[in-house]
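Trainee: Hi, do you have a moment to go through this structure with me? I'd like to start with the charged pairs.
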Amino acid sequence: SSGINAEYGEKIGYMFDRLPIPSLLSPDGIVAVWVTNKLSYIDHVIHSLFPRWGLRLVNVCFWLKVTITGDPILPFHSPHKKPYEMVFFGKRHIIDDTKDPKFGQSQMADLLAFPMYLLPIDPDTPPEDLKCPADDSSVRHTPGQFAHLKTVIASVPCVQHSRKPPLSQIFDKLFPTTSETPGGLEVFARNLTPGWVSWGNEVLQFQDTRFFESNNVSDHIT
């Protein structure tokens, strides 16, 4: 119900507000926050959480959910749900107002518009499931003001509810490092990640053997 969802949202927001991120983050550390497409949650992350944690937004990664044939699981112009989720990356704030982007209402619309131009399609003849009304502001077919902040990844979503792609792989692509063991901390984790610390009440949820395929190493030993 809406009442339960509202209470859940308030509890999650309260927990996030109390996380001691500044004391846990290394000087060149990166923070990633998954957010649903609800504008109030996104606004809270960008304008409340990140400033409180001393972070500036450095990337918005759109996770496009596709079927096994590569088609979006939902139409982009769906009025209720979108075929993508977003993860927002923040880095320790550098005092330089000339480089810090400002996000008013129109800027937020541009920032959150799906970057269709990053997909390998012909913009003049897109597939039927990628067509959008001309006045649909939730997508952009040409780079806008915040094109440099946007990234797209695509994968077939897990059948398990709310399971996300491994963040460690996204970090490796977006923020390469020379460190041999960069490490990381995943808060509210539901699985273990090699080289990372997983924290939460369900960190072993997806470690069950039924979520893995058997790989008989002895078959490859000669």
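Mentor: Happy to, and one term comes up at once: buried means under 20% relative accessible area, exposed means over 50%, and partly exposed lies in between (1.4 Å probe, protein chains only). By that cut-off Asp110 is buried, because its relative accessible area is 13%. This is a predicted model, where local features need pLDDT of at least 70 and side-chain atom pairs count only at pLDDT 80 or more, while totals for chains, interfaces and linings use all residues. Residues are numbered from 1 along each chain as its sequence is written, and side-chain values use heavy atoms, with hydrogens and water left out.

Trainee: Thanks! How many salt bridges does the structure hold?
Mentor: There are 4, where a salt bridge is a side-chain nitrogen of Lys or Arg within 4 Å of a carboxyl oxygen of Asp or Glu.

Trainee: Which residue does Asp110 pair with?
Mentor: Arg140 is the partner, and the closest N and O atoms are 3.7 Å apart. The two come from distant parts of the chain, with Arg140 in strand S5 (residues 139-140), Asp110 in helix H4 (residues 105-112) and their positions 30 residues apart. Helices (H or I, at least four residues) and strands (E, at least two) are DSSP runs, numbered from the N terminus.

Trainee: And is Arg140 buried or partly exposed?
Mentor: Arg140 counts as partly exposed, because its relative accessibility is 25%.

Trainee: What about Lys65, which residue does it bridge to?
Mentor: Lys65 forms a salt bridge with Glu85, with the closest N and O atoms 2.6 Å apart. That pair also links distant parts of the chain, 20 residues apart: Lys65 sits in strand S2 and Glu85 in strand S3 (residues 84-92). Both residues are buried, and for Lys65 the label applies because its relative accessible area is 15%. There is a network of salt bridges here too, linking Lys65, Glu85 and Lys164.

Trainee: What else does Lys65 touch?
Mentor: Leaving out residues up to four places away in sequence, Lys65 touches Asp71, Pro72, Ile73, Pro83, Glu85, Ser155 and Pro157. Contact here means heavy atoms within 4.5 Å.

Trainee: Which other residue of strand S2 should we look at?
Mentor: Try Phe62, which lies in strand S2. Phe62 is buried, because its relative accessible area is 0%. With residues up to four places away in sequence not counted, its contacts include Tyr84, Glu85, Met86, Phe114, Pro115 and Val152. Phe62 and Pro115 are 53 residues apart in sequence, yet their C-alpha atoms are 8.4 Å apart in space.

Trainee: Back to salt bridges: what does Glu202 meet?
Mentor: The side chains of Glu202 and Arg190 meet in a salt bridge at 3.4 Å, N to O. Glu202 is in the segment after strand S8 (196-199), and Arg190, 12 residues apart from it, is in the loop between strand S7 (184-187) and S8. Glu202 is partly exposed because its relative accessible area is 38%, and Arg190 is partly exposed because its value is 26%.

Trainee: Switching topic, which residues form the nonpolar patch on the surface?
Mentor: Met15, Leu24, Leu185, Phe188, Val197 and Trp199 form it, with about 570 Å² of accessible area together. Patches are made of residues with over 30% relative accessible area and no salt bridge, joining like charges within 9 Å and nonpolar side chains (Val, Leu, Ile, Met, Phe, Trp, Tyr) within 5 Å. Accessible areas come from the Shrake-Rupley method with a 1.4 Å probe, and for residues only the protein chains shown count as cover.

Trainee: Where is Met15 found?
Mentor: Met15 is in helix H1 (residues 2-18), and it counts as partly exposed because its relative accessibility is 35%.
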